[in-house]
Amino acid sequence: MATTTSTTTTLLGKTESRLLSLPVISWALYDLANTIFSMNIVSLYFSLWVVNVMRGTDATYGYANSFSMLLMLVSAPLLGALSDQAGRRMPFLLVSTLVCVAFTALLGTGGLLVSLMFFITANYFYQAGLIFYDSTLPVVSTPENRGKVGGLGIGLGYLGSFIGVGMGLLFLEKMGYPFIFRMSALLFLLFALPIFLFVREPRRRGRDAAISPAPSSGAEKSSPVASSFLDSGTFRRALAQVRHTVAHSAQYRGLRRFLIGRIFYADPVNTVIVFMGVYVTNEVGFTAWEAQIVLLVAIAAAVLGGLGWGVVVDRIGPKRSLNLVLGLWMISLLGAIAIAIFSLPRELFWGVACLAGIALGGTWAADRPYMLLLSPPRYVGEFYGLYSLVGRFAAVIGPALWALIVDTLGLGRPAAIGSLLGMILISFVILQGVDDAPRPWGPDELLEPAG
């Protein structure tokens with residue numbers, strides 16, 4: 001750990017470690033870039049194209065989304081292990097970004113089935129890129145400013161949402177959905193370029209040098225990435241680490257219960273993000289143009305909510321804050337159901353969108369500090385890997401459950417929203433058994449692992 005910190009400081013220098021240095025801004029701009037893909041492709045325009053233009057079903061899009069996330073769920077430990085063995089993240093991030101951009105640009109060509117295959121590929125590599133991108137945060141930050149650098153990325157990510165939807169407002173009606181897909185790919189690429197131009201990973205020293213490519217000649221040249229793929233034990237070791245982490249989590253009060261509860265609220269949150277555009281156009285009655293405005297309002301509420309919830313969490317603690325957030329989700333989902341079932345004035349949905357945005361900002365503002373409180377400092381990295389795995393599992397289940405209820409069972413979208421409400425209630429009950437009192441960590445749980 002000390003080696004990494006020292007190398008990072010040497011790499012950045014005293015000037016470039018500042019929040020507004022070129023490497024830091026370049027790193028944060030990647031958050032803006034990939035949020036354009038997340039907003040325009042995953043959350044809004046591609047689902048609208050599938051359901052409203054190509055006359056596909058919710059199941060068509062939902063199962064495709066879940067399949068791409070299932071592929072990521074089973075391969076994420078391997079991808080992390082490969083980048084660890086290679087000792088570098090940037091080459092992996094570059095490849096995943098270029099593949100995602102290429103297949104995003106192809107969306108809308110070759111018919112519905114072909115475009116769904118392109119979407120599965122693009123979304124998989126987008127998710128893979130998140131693994132490598134998050135791992136590069138120590139390269140552009142020091143322990144003293146890491147939170148601020150990460151916060152800058154989050155802030156620019158919200159800006160990416162506004163840019164993506166704003167582009168749709170300008171061009172969707174005139175140019176159509178395929179043009180939006182191509183522009184989203186182009187903007188992703190343009191805003192991603194700075195991280196590859198201005199962020200440099202440090203060279204590994206000591207025992208890490210063993211995994212760095214050494215100068216050689218002739219047939220003996222091989223990359224660490226290739227050798228990692230050829231190592232048949234890599235996947236087994238990655239799975240063994242996951243099993244160890246799951247077993248290890250049982251030793252700490254409330255941690256495993258919290259992670260189980262997180263499945264039941266992360267699932268509805270992810271599903272609302274994926275299907276909001278389809279719901280407001282087909283159930284509430286908004287046009288595609290109005291749906292974009294609703295989404296912008298929800299994003300603005302999420303930004304303000306995230307800032308406000310940070311203060312609330314500091315004052316009343318993460319448990320009570322998360323309880324309030326889950327309560328807001330329940331009200332929002334009930335409102336969405338009532339508007340569709342009872343044909344209430346669609347203007348009421350503006351309030352529902354604002355509440356959902358506030359709840360969205362509060363979800364991450366509360367559950368991350370909650371997770372930190374439950375995890376011993378020495379094993380934060382290990383348990384955050386499990387935290388991320390839980391989120392990916394929820395992202396697999398949510399869209400598939402929506403598709404099952406809406407189309408396979410034929411119960412309709414309000415019933416699907418009802419299932420999300422039920423999951424929020426389950427998570428609320430589960431989390432009441434997890435307190436947020438400070439844990440008395442022992443010396444071995446406070447220290448960094450040796451070496």
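Here are some notes on this predicted model, written as numbered points to read beside the structure.

1. Let's begin with the overall build. The chain is made with 16 helices and zero strands. Its length is 451 residues, and 51% of them count as buried. Look at how the chain meets itself, too: take the contacts between residues at least 6 apart in sequence, and 83% of these join residues at least 24 apart.

2. Now the outside. The chain has an accessible surface of about 20000 Å². Carbon and sulfur atoms account for 68% of that surface.

3. Next, the core. The largest nonpolar core holds 127 residues. Those that touch the most other members are Trp 27, Phe 46, Ile 195, Phe 258, Leu 322, Trp 329 and Phe 349. Which helix gives the largest share of this core? That is helix 2 (residues 22-53), with 19 residues.

4. Phe 258 is worth a click. Setting aside the neighbours within four places in sequence, Phe 258 is in contact with Tyr 265, Leu 322, Asp 367, Tyr 370, Met 371, Leu 374, Leu 431 and Val 434. One of these partners, Leu 322, is also on the list of core residues that touch the most other members.

5. What about empty space inside? Rolling a probe the size of a water molecule over the atoms shows where such space is left. Here the count is one cavity of 30 Å³ or more, and the volume of the largest cavity is about 160 Å³. Helix 10 (255-284), helix 12 (318-341) and helix 13 (348-374) each give two or more residues to the lining of this largest cavity.

6. Stay with that cavity for a moment. Its lining has 14 residues, and Val 272, Met 276, Ala 336, Phe 349 and Ile 417 lie nearest the centre. How many of the lining residues are nonpolar, polar or charged? The split is 13 nonpolar, one polar and no charged. Phe 349 may ring a bell, as it is also named among the core residues that touch the most other members.

7. Helix 3 gives you a nice pair to look at. Leu 71 sits in helix 3 (residues 58-86), and Leu 73 lies in helix 3 as well. Is Leu 73 buried or exposed? Leu 73 has a relative accessible area of 15%, so it is buried, the cut-off being under 20%. Leu 71 has 33% relative accessibility, so it counts as partly exposed.

8. Their partners are worth a look. Leaving out neighbours within four places in sequence, Leu 71 is in contact with Ile 120 and Tyr 124. Leu 71 and Ile 120 are 49 residues apart in sequence, with 9.2 Å from C-alpha to C-alpha. With the same neighbours-within-four rule, Leu 73 is in contact with Leu 389, Arg 392, Phe 393 and Val 396. The C-alpha atoms of Leu 73 and Gln 127 are separated by 9.7 Å, and these residues are 54 apart along the chain.

9. Finally, two backbone oddities. Most residues other than glycine have a negative phi. Arg 55, in the loop between helix 2 and helix 3, has a positive phi near 60°. Ser 343, in the loop between helix 12 and helix 13, has a positive phi of about 50°. Arg 55 is exposed, with a relative accessible area of 67%; Ser 343 is exposed too, at 63%.

Definitions and conventions
Residues numbered from 1 in each chain as written. Predicted model: local features only at pLDDT ≥ 70, side-chain atom pairs only at ≥ 80, totals over all residues. Heavy atoms only, no water. Helix = DSSP H or I, 4+ residues; strand = E, 2+ residues; numbered from the N terminus. Buried < 20%, exposed > 50% of the residue type's maximum accessible area, 1.4 Å probe, protein only. Contact = heavy atoms within 4.5 Å. Areas by Shrake-Rupley, 256 points an atom, 1.4 Å probe, with all protein chains shown as cover. 1 Å grid on protein atoms, 1.4 Å probe; cavity = no way out; pocket = protein on both sides within 12 Å on 5 of 7 lines; lining within 4 Å. Points joined across faces, edges and corners; volume = space filled by probe spheres on them. Nonpolar A, V, L, I, M, F, W, Y, C, P; charged D, E, K, R; others polar. Core = buried A, V, L, I, M, F, W, Y, C linked by side-chain atoms within 4.5 Å.
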